[in-house]
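These are my notebook entries on a structure that I had not looked at before. I wrote down each thing as I looked it up.

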Amino acid sequence: MNKVDNKTGRSQLQKKAGKYLAIFMILMVLFTAVSRISASLTVPLVSTQKASKSTLTYKIGGDGRIDSANAVYIDLFANLQVAEVYVKKGQGVKEGDRLFCYDLEQLKEQIEEAENEYEKSKSAYEKVVLTASLENESADGSEEEKAVKRAKEDYQEAKDSYKEAKEKYKEKLALIKSTLSKTQKEEYEKAQEEYDLAKQAYEETKETYEKQVSDAKATYSAALETKETGIKEAKEELAEVQSELDEVLLKKTTLIQYMNVLEEHAKSQKYSEMNTDLENIYVTYFGKSAYAEIKSKISDAQSDVTKAENNLKAVKARWKLTMEEAKRELAKVDSSDLEYDSALNRYKLQQLEEENAIQEASDAVDNAKKQLSNISTKYTEISEVATTYFYYLAGNPLGSDATLYKKYSTAILDSSIVDETAYRAKSKEVEKAKKAVEDVTKEQEKLVEKAKSAVNNITTEKKKVEEKEKAVMEKKAKAMDELLDKVYEDKDGIHAARESLEAQEDAVETAKRALEDAEDRLSDYRKSKSLETKNEEINSKIAKLEMEQLEKDIEAKAEVLETLNQIYDANGEVLANIDGLVTTIDIEQRAMLVGNEKVIITPSCSVFVGSFEKDYLEYVQNGDEVSCQITGWKKSVSGEVIDITYNIEGDCYDMTAKLPEGDYAPGAVGQFVITKVTERYDNCIPITALRSDNSGTYVFAMREISTVLGKEFKAYRVNVVVDRKDYQTAVINDILDSDEEIIIGSNRNIMEGDRVRKGTYE
């Protein structure tokens, strides 16, 4: 029995319930605490950060070596007269010193000519762009698509008219049927049933044949697609083997292009361009590294020749003075004097010494020249025949010399240029691929014609059977009309309604066929365009290449024009661009430049030459500061980038940095670093936040959720696209919200959907 406590007024059951509730609450608090403690031990601890604006820092570096600075060639312009020369060979100059100046009148004429050439290139570029745009505009199927659209509208209009005519006929028919007797109704219903059966047979026949036509057209379409694919694959195979053949002939093709361009420049007396073309021939023939080595050896050997020639001049001058003095001494002795024979013998001995000294110096010149010619007999051969032929063309731009051309062509396009074995093998593959294209084309065209014939045959049969079934249906309809004519006075009205209905039904069929024909024409057009896609792509690529070439031509001519204008603005004066020594100066006052003269300054500084990956080219520029750590040096040396060139063999870029004055050992190796900071980018995150799998790159973001134990955080995946990154920061697409927290690190591995807790960890 539930007794009541006199003091509290509560029953024993109430006391027990309160006690159990208290125990339950204590347990809940205890379990929550245990859960929290367990979570702290098992739930991963993560660090988070929001996407923000930041810069990227690129540390572009690599290995390199100490080298002597390469001689700097001063750009000269052909067909200009030198007004005055301010320096001489062997003279030291500082950056900004005057070297020489051009005649301003002729410089002005050259600027006008450069402006005309620049405008011509711009006009040619605009013409190519306009032509390409016109081709693109005419390459659509707008007329066929418009025809389909009109046919659809006509078809819908015909169906609407048919519906309207059908309603009018039904109204008149209902009016007639309301006046029929029972016997007449039975006769009419029987005729109606026969008509319905005939119409059903007609509709089923139409449906059956429409499916057959559709299947035949699908087969035809598949045949066209198979033909297109087969021919495309065969042509791609041909293009591939043709490309391989072109690769074998690439060196020869490139040389021929340079040779042809060089001949045109020679005929136009463009000597500066001619020298550039000849350099291109050397680089292509020998290879960049081999030619650089040949060029270096030739430069050294040429220097030895110059020294030997100067020594020969000095020896001759010295002995000339010596022999003049000896003649005077001999003249002082009387021929009858007893000392005359001794004096004469001394004079003859000096003559002999003079001859030996001059001969020795002359032999040294010959040996130096021989060493020069022996560096590369092929280089010497090409140089001699090319120079002879080009100067002939410069003097005879409209003439030709078969003998000179043969020597020129044979020297450059010798048997070493093309691997004949590889050429014959690739040629056979090309012919085989061409035959495959022809065979595939013929075979596929036969299949297409067969499928097309099947479409025509089934279409013809469809038309015949449908006409037959339709005639039966019309006969049954006429029988119904005759029954109605017997009891209905307004015969013209029902006949007109029937004829209108039939006419509209025919109109629907006609419009439907017109739509099908228009859709077929559009489909055929698209298929034909698909077959032309390859040629269009090729034409587009050709136009693009032509535009790129013209853009380069415009840039080059703009650069020449800008340089000429700068020289004109400087009153025609040309200044030294580095500190150094004038080692070559082939120009004279009032002389007309022909293009083969040289003004060379050898720098007095050392440089650091290193290579870096081509992906970083956009971040490296002339004038950038570079830190060079030379092996054996305690401190790094700061230099300045003065040149950047593409290294074709390493598929990278070579950086040349000018070093401050110091005691550098040529050939010493080291490393360099160029630090560049970019502009500020949106949506930057630490690179540690990036993850990747087979589905792509992603990050984990934190999402707050509510549970019975309170609020928790879970990791969820967000796919991202990385635009660019450095060694610590990545720029991603703007798929994240500005307040979304990204997991950038955790004390253990986490998966999508895992519970996480935010904080810091060791």
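**Entry 1: a pocket.** I began with the second largest pocket of this predicted model, and I noted that about 880 Å³ of space lies in it. Of the 28 residues that line this pocket, those closest to its centre are Val213, Lys217, Thr459, Glu516 and Asp517. I then looked up where the lining comes from, and the elements that give two or more residues to it are α4 (182-267), α10 (420-487) and α11 (491-569). Helix α11 gives the most, with 10 residues. What kinds of residue make up the lining of the second largest pocket? I found that they divide into 18 charged, five polar and five nonpolar.

**Entry 2: the start of α10.** Since α10 had come up, I looked at glutamate 420, whose place is in that helix. I recorded glutamate 420 as partly exposed, because its relative accessible area is 42% and partly exposed covers the range between 20% and 50%. I also noted that glutamate 420 and leucine 249 are 171 residues apart in sequence, while in space the distance from C-alpha to C-alpha is 9.8 Å.

**Entry 3: the whole protein.** I stepped back to the whole protein, and its secondary structure comes to 11 helices and 23 strands. Of the 762 residues in the protein, 31% are buried. Among the contacts between residues at least 6 apart in sequence, I noted that 76% join residues at least 24 apart.

**Entry 4: α6 and its surroundings.** I asked how far apart the end C-alpha atoms of α6 are. They are 64 Å apart, and this agrees with expectation because the 44 residues of α6 should span 64 Å at 1.5 Å a residue. The buried residues of α6 include Tyr291, Ile294, Ile298, Trp319, Met323 and Leu330, and what covers the buried residues of this helix includes α5 (271-286), α7 and α8.

I turned next to α7 (residues 340-374), which has 35 residues and reaches 50 Å from its first C-alpha to its last, close to the 51 Å expected. In α7 I found Ala343, Tyr347, Glu354, Ala361, Val365 and Ala368 buried. What covers these buried residues includes α6 (288-331), and I had already noted α7 among the cover of α6.

**Entry 5: a lysine in α8.** I stayed with α8 (residues 377-395) and looked up lysine 378, which is found in this helix. Is lysine 378 buried or exposed? It is buried, because its relative accessible area is 17% and the cut-off for buried is under 20%. Leaving out residues up to four places away in sequence, I found that lysine 378 touches Tyr285, Phe286, Ala411 and Asp414.

**Entry 6: a four-stranded sheet.** I then followed an open sheet of four strands, which run in the order β4-β10-β9-β6 with antiparallel pairing. Its edge strands are β4 (72-73) and β6 (92-93), each of which pairs on one side only. I went through the pairs from one edge to the other, starting with β4 and β10, which are joined over two bridges in the antiparallel sense. There valine 72 stands opposite isoleucine 601 in β10. Strands β9 and β10 pair over five bridges, and the partner of valine 582 in β10 is again isoleucine 601. At the other edge, β6 pairs with β9 (residues 580-585) over two bridges, and I noted glycine 580 in β9 as the bridge partner of valine 93.

How many of the five residues of β10 (residues 599-603) are buried? Four are, so I wrote down this strand as largely enclosed by the rest of the structure.

**Entry 7: a serine in β2.** Last, I looked up serine 54, which has its place in strand β2 (residues 52-54). I recorded serine 54 as partly exposed, because its relative accessibility of 22% is not under the 20% that buried requires. Serine 54 and aspartate 682 lie 628 residues apart in sequence and 6.8 Å apart in space, C-alpha to C-alpha. Apart from neighbours within four places in sequence, serine 54 is in contact with Glu679, Arg680, Tyr681 and Cys684.

Key: Residues numbered from 1 in each chain as written. Predicted model: local features only at pLDDT ≥ 70, side-chain atom pairs only at ≥ 80, totals over all residues. Heavy atoms only, no water. Pairing = 2+ DSSP bridges. Buried < 20%, exposed > 50% of the residue type's maximum accessible area, 1.4 Å probe, protein only. Contact = heavy atoms within 4.5 Å. Expected span 1.5 Å × (residues − 1). 1 Å grid on protein atoms, 1.4 Å probe; cavity = no way out; pocket = protein on both sides within 12 Å on 5 of 7 lines; lining within 4 Å. Points joined across faces, edges and corners; volume = space filled by probe spheres on them. Nonpolar A, V, L, I, M, F, W, Y, C, P; charged D, E, K, R; others polar.
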